[in-house]
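Here are my notes for you on this one. Have the structure open while you read, and go through the points in order.

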Amino acid sequence: MNATLKLLTDRASCRVFKNKRVPAAVVDKLVEAGIHAPTGGNLQPYSIIKIERPAARKKLAKLCWQEFLAKAPLHFVFCVDLHRHKRWARLENAPYSADRSLRPFWIAIQDTIICAQNMCVAADALGLGSVYIGPVFDSMAQIRRMCRLPKGVVPVISLAVGYPKVKPPRRKRLPAALLAHSEVYREPTDKELLAAYRKRYEGVTQAITAKDLKVLDSACRVAHNAGFAEKCLKDVKTRGNFNAPQIVFGLHYRADRMLRNTPKQLRMLKTAGLGWAGKRGDTCADHQMTNS
Ligand SMILES: Cc1cc2nc3c(=O)[nH]c(=O)nc-3n(C[C@H](O)[C@H](O)[C@H](O)COP(=O)(O)O)c2cc1C
């Protein structure tokens with residue numbers, strides 16, 4: 001098989017690392033691979049924060065609620081960076097509003113993640129292992145303070161990197177027939193959809209506990225209503241366990257928290273310097289204030 005394709009299809013996230021530093025020359029190669037990723041308009045609206053100091057790694061692990069991260073010798077926090085462009089524009093007497101508009105942020109997130117993915121693939125190509133860390137979003141304020149990020153620089157995702165202790169196994173995926181469409185979106189039948197998900201999540205169930213029943217009940221009530229909660233809990237009790245989507249959306253990526261946390265997250269983005277994330281009308285007022 002083509003070496004690049006083999007790399008892409010064989011890879012898996014690595015969560016156990018050797019106690020071995022990643023040499024500076026290797027770090028440079030990773031960063032070089034990252035900055036050659038495509039970006040909208042070739043604008044590169046991101047910054048990559050390398051974290052190696054043990055105390056900082058420990059803090060990052062704590063902020064992302066995952067202890068194993070402290071043992072990864074190298075972390076990259078990928079940030080959307082609208083601050084640098086703003087400075088550039090100001091220094092050269094050019095207009096700038098990308099930090100007050102949703103679209104440039106939308107594109108900048110894509111640019112940032114594509115850069116991260118280049119580095120993720122490069123890590124595998126160099127014999128390293130890596131794992132993305134999502135909760136940098138939840139601890140955005142603390143990570144912004146820790147990395148001294150100015151307004152307009154927003155952490156998006158982190159990548160923990162190191163030499164794998166053992167090669168991680170390739171994880172299951174949904175079939176291409178369900179994910180890839182030809183010309184137009186193809187709606188699978190319920191039977192096909194369920195068969196594909198049941199195969200993918202084969203053996204994924206969880207025993208019932210009173211605590212988890214309460215969590216699922218709350219998720220159902222907040223995301224839907226009391227009637228739905230009753231139906232869902234009856235389904236769990238009839239079967240005698242939680243099924244895969246009940247675990248995924250009810251207990252793990254909780255449907256209730258998702259809804260409840262959104263206002264707080266928008267405030268976090270506004271505090272991070274993104275004017276559009278405020279209430280309607282704020283954006284314009286902020287703009288006038290900063291310019292007056
Ligand atoms: C956006 C994103 C966030 C992730 N966050 C975490 C995380 O916080 N902790 C973790 O252990 N893995 C995290 N992962 C890794 C996924 O769990 C992993 O990619 C997925 O289970 C598929 O496994 P594989 O990468 O080994 O194929 C994340 C991956 C992505 C793309």
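1. A quick word first: the domain bounds used here come from an automatic or database domain assignment. That assignment splits the protein chain into domain 1, covering 3–162, and domain 2, covering 176–257. Taken over C-alpha atoms, the centres of domain 1 and domain 2 sit 32 Å apart.

2. Keep in mind that this is a predicted model. The protein chain has an average pLDDT of 95, and 95% of the residues score at least 70. Residues 281–292 are another story, with pLDDT below 50; this stretch has eight contacts in the model beyond near neighbours in sequence. Where pLDDT is low, the predicted coordinates should not be read in detail.

3. Now look at the sheet. It is an open one, built from four strands in the order 1-2-4-3 with antiparallel pairing. Strand 1 (46–51) and strand 3 are at the edges, each pairing on one side only. On average, neighbouring strands of this sheet are turned by 25 degrees against each other, if you ignore direction.

4. Zoom in on one pair. Six bridges link strand 1 to strand 2 (residues 74–81), in the antiparallel sense. For instance, isoleucine 48 has phenylalanine 78 in strand 2 as its bridge partner.

5. Which residues surround the ligand? Among them are Ala12, Ser13, Arg15, Gln66, Ile157 and Arg171, along with Val131, Tyr132 and Ile133. Strand 3 (residues 129–133) gives the most to this shell, with three residues. Sorted by class, the shell has six nonpolar, three polar and two charged residues.

Technical notes: Residues numbered from 1 in each chain as written. Predicted model: local features only at pLDDT ≥ 70, side-chain atom pairs only at ≥ 80, totals over all residues. pLDDT = per-residue confidence, 0-100. Contact = placed C-beta atoms within 7 Å. Near = placed C-beta within 6 Å. Helix = DSSP H or I, 4+ residues; strand = E, 2+ residues; numbered from the N terminus. Nonpolar A, V, L, I, M, F, W, Y, C, P; charged D, E, K, R; others polar. Pairing = 2+ DSSP bridges. Axes fitted to C-alpha atoms, helices over the stretch in contact; angles between N-to-C directions.
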